[in-house]
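Subject: Structure handover and notes

Dear colleague,

I am passing on the structure we spoke about, and I would be glad if you could open it beside this message while you read. My notes come after it.

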Amino acid sequence: MIASADITAEELKERLSKGETPVIIDVREDWEHQESNIPGATNIPLGTLPQRLDELEDLKEKEVIVQCRSGARSASARAFLMQQGFSNVRNLVGGIMGYQA
């Protein structure tokens, strides 16, 4: 089941193909992001997210899409950001694996 806060790879690809530029945060480790990534994604490893919240302050009211390898770490990142007052955080279902499939 897909939660309302989730976004599918198909939906994200369609939006990107239309020229949209959503805020995408890749919470995988740096080396994972370097191996493969979604164009335009910002890499902030999950473990560093609490220390880097200041960088994201301007995004609290905007849509933020979080992604990882398969969707587990980004689900944690989504929950953390929501606890920090972010109002519209969406998890990429299936992560980069689903996106590249």
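What follows goes through the strands, one helix and a few individual residues.

Please keep in mind throughout that this is a predicted model.

**The strands**

A good place to begin is β5 (88-92), which is mostly covered, since 4 of its 5 residues are buried. On one side of the pairing list stands β1, which runs parallel to β5 and is joined to it by 2 bridges; here Asp6 has Asn91 of β5 as its bridge partner. β4 also runs parallel to β5, with 4 bridges between the two, and Val64 is matched with Val89 of β5.

From β4 the pairing can be followed to β2, again in the parallel sense and again with 4 bridges, where the bridge partner of Asp26 is Gln67 in β4. β2 in turn pairs with β3 over 2 bridges, also parallel, and Asp26 stands opposite Asn43 of β3. Asp26 is therefore a useful residue to select when you trace the strands, as it has a bridge partner in β4 and stands opposite a residue of β3.

**Helix α1**

Helix α1 spans residues 9-17, and its buried residues are Ala9, Leu12 and Arg15. Because these three cover an arc of only 130° around the axis, they lie on the same side of α1. As a general point, an α-helix has 3.6 residues a turn, so residues three or four places apart point the same way. The face turned away from the buried side carries the exposed residues Glu10 and Ser17.

What do the buried residues of α1 pack against? Their partners are the strands β1 (6-7), β2 (23-26), β4 (63-67) and β5 (88-92), together with helix α5 (95-100). After the helix comes Gly19, which has a positive phi, near 90°.

**Polar contacts around Arg90 and Glu63**

Arg90 is placed in strand β5, and its relative accessible area of 13% is why it counts as buried. Setting aside neighbours within four places in sequence, Arg90 is in contact with Ser4, Ala5, Asp6, Ile7, Glu11, Arg15, Glu63, Val64, Ile65 and Val66. With one of these, Val64, the separation along the chain is 26 residues, while the C-alpha atoms are 6.1 Å apart.

Two polar contacts of the Arg90 side chain deserve a look: one of 3.4 Å with the side chain of Glu11, and one of 3.1 Å with the side chain of Glu63. Glu63, which belongs to strand β4, also has a side-chain polar contact of 2.6 Å with Arg15, and Arg15 is among the buried residues of α1. Beyond its neighbours within four places in sequence, Glu63 is in contact with Arg15, Pro22, Val23, Asn88 and Arg90.

**Two residues at 0%: Ile38 and Gln67**

Is Ile38 buried or exposed? With a relative accessible area of 0%, Ile38 is buried, although it is found in a loop, the one between α2 (30-35) and β3 (42-43). Not counting residues up to four places away in sequence, Ile38 touches Leu12, Leu16, Ile24, Gln67, Leu92, Ile96 and Tyr99. Glu61, by contrast, is 23 residues from Ile38 in sequence and 22 Å from it in space, C-alpha to C-alpha.

Gln67, one of the residues touched by Ile38, lies in strand β4 and counts as buried because its relative accessibility is 0%. Apart from neighbours within four places in sequence, the contacts of Gln67 are Ile24, Ile25, Asp26, Val27, Arg28, Ile38, Ala41, Ser74, Leu92 and Ile96. Ile24, Leu92 and Ile96 thus appear among the contacts of Gln67, and they also appear among those of Ile38.

**Aromatic rings**

How many aromatic pairs does the structure hold? The number is 0. One ring does have a charged neighbour, however, as Lys13 lies over the face of Tyr99, at 5.1 Å from the ring centre; Tyr99 is also one of the residues that Ile38 touches.

With best regards

Notes. Residues numbered from 1 in each chain as written. Predicted model: local features only at pLDDT ≥ 70, side-chain atom pairs only at ≥ 80, totals over all residues. Heavy atoms only, no water. Buried < 20%, exposed > 50% of the residue type's maximum accessible area, 1.4 Å probe, protein only. Arc of directions from axis to C-beta. Contact = heavy atoms within 4.5 Å. Polar contact = N/O pair within 3.5 Å; in protein donor to acceptor, adjacent residues only side chain to side chain. Phe/Tyr/Trp six-rings, centres within 6.5 Å; stacked < 30°, edge-to-face > 60°. Lys NZ or Arg CZ within 6 Å of the ring centre and 35° of its normal. Pairing = 2+ DSSP bridges.
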